[in-house]
Amino acid sequence: KRICGSCSLQHQKRTGKLTCAFCRDRVPESGEEYFELLRNRVELKDRNALRNMGGCCGFGQHGVPVDQAKCIDLLRQSVGLGCPGAHYQLASFHHTGEMGLEQNEEEAHKHWKKAAEGGDLSSMCNVGSKEGRDGNGVAAMRNLRLAASGGYA
């Protein structure tokens with residue numbers, strides 16, 4: 001489930017409190033509170049929580065020490081649960097050679113394709129660009145149009 005920022009703001013104005021628009025729980029106000037909630041979701045194997053925890057480990061956020069191997073492991077777990085955002089992140093790391101991964105364009109493209117199939121707009125744009133460079137104009141236009149129709153500029 002996802003909610004847009006505007007709907008979240010309307011909910012906050014209507015209730016006068018900073019609560020989750022879905023479950024009505026209080027939104028964490030500090031990094032420590034956020035991290036505790038995130039850790040609980042990771043234990044339940046929530047695909048988005050695994051991706052977010054991977055980011056915390058990879059970039060040393062919320063007081064977590066930098067651990068690139070754990071970052072990649074968490075992202076792969078998230079990918080195994082079908083998270084488009086994790087596919088996108090792994091693709092980016094393969095593309096740039098970050099987080100201890102070797103630069104590998106084929107692996108990056110594979111993950112971008114999976115993320116695009118899952119609805120990730122940035123990935124649709126990246127896949128469209130690669131298809132265009134490879135001379136497949138029809139596939140390129142399809143992906144670029146989908147990204148644009150989703151609001152990706």
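**Notebook: an all-helix predicted model**

I began with burial: of the 153 residues of the protein, 33% count as buried. I note here that the model is predicted.

**Entry: overall make-up**

I looked up the secondary structure and found eight helices and zero strands. Read along the sequence, the pattern is α-α-α-α-α-α-α-α. I then turned to contacts between residues at least 6 apart in sequence, and recorded that 32% of them join residues at least 24 apart.

**Entry: helices α4 and α5**

I examined helix α4 (residues 68-80) against helix α5 (residues 84-96); their axes come within 8 Å and cross at roughly 140 degrees. I therefore entered α4 as oblique to α5, since the label roughly antiparallel is kept for angles over 145 degrees. The crossing in which α4 passes α5 is left-handed. From α4, I listed Cys71, Ile72, Leu75, Arg76, Ser78 and Val79 as the residues making the contact. From α5, the contact residues are Ala86, His87, Gln89, Leu90 and Phe93. Sorted by class, this contact of α4 with α5 has seven nonpolar, three polar and one charged residues.

**Entry: cysteines**

How many disulfides does the model hold? I counted zero disulfides. I checked Cys71 in particular, and Cys71 is in no disulfide. The nearest cysteine sulfur belongs to Cys57 and is 7.0 Å away, whereas a disulfide would need the sulfur atoms within 2.5 Å. I also looked up the accessibility of Cys71: the relative value is 0%, so Cys71 counts as buried. Cys71 is also one of the α4 residues in the contact with α5.

**Entry: helices α6 and α7**

I repeated the examination for helix α6 (residues 105-117) and α7, whose axes come within 8 Å and cross at roughly 130 degrees. That angle makes α6 oblique to α7. I recorded the crossing of α6 and α7 as left-handed. On the α6 side, the contact is made by His109, Trp112, Lys113, Ala115 and Ala116. On the α7 side, I noted Ser123, Met124, Asn126, Val127, Lys130 and Glu131. The residues of the contact of α6 with α7 divide into five nonpolar, three polar and three charged.

**Entry: Gly132**

I located Gly132 in helix α7 (residues 121-133). Is Gly132 buried or partly exposed? Its relative accessibility is 42%, so I entered Gly132 as partly exposed. I also took the distance between the C-alpha atoms of Gly132 and Asn143, which is 9.9 Å for residues 11 apart along the chain.

**Entry: positive phi values**

I looked next for unusual backbone angles, because most residues other than glycine have a negative phi. Lys45 has a positive phi of about 60 degrees although it is not a glycine. I placed Lys45 in the loop between α2 (31-43) and α3 (47-59). With a relative accessible area of 48%, Lys45 is partly exposed, as the exposed class begins over 50%.

Met99, likewise a residue other than glycine, has a positive phi near 55 degrees. Where does Met99 lie? I found Met99 in the loop between α5 and α6. The relative accessible area of Met99 is 8%, so I entered Met99 as buried, the limit for that class being under 20%. I closed the entry with Lys45 noted as partly exposed and Met99 as buried.

How values were computed:
Residues numbered from 1 in each chain as written. Predicted model: local features only at pLDDT ≥ 70, side-chain atom pairs only at ≥ 80, totals over all residues. Heavy atoms only, no water. Axes fitted to C-alpha atoms, helices over the stretch in contact; angles between N-to-C directions. Helix = DSSP H or I, 4+ residues; strand = E, 2+ residues; numbered from the N terminus. Parallel < 35°, antiparallel > 145°, perpendicular 65-115°, else oblique. Left-handed = near helix turned anticlockwise from the far one by under 90°. Contact = heavy atoms within 4.5 Å. Nonpolar A, V, L, I, M, F, W, Y, C, P; charged D, E, K, R; others polar. Buried < 20%, exposed > 50% of the residue type's maximum accessible area, 1.4 Å probe, protein only.
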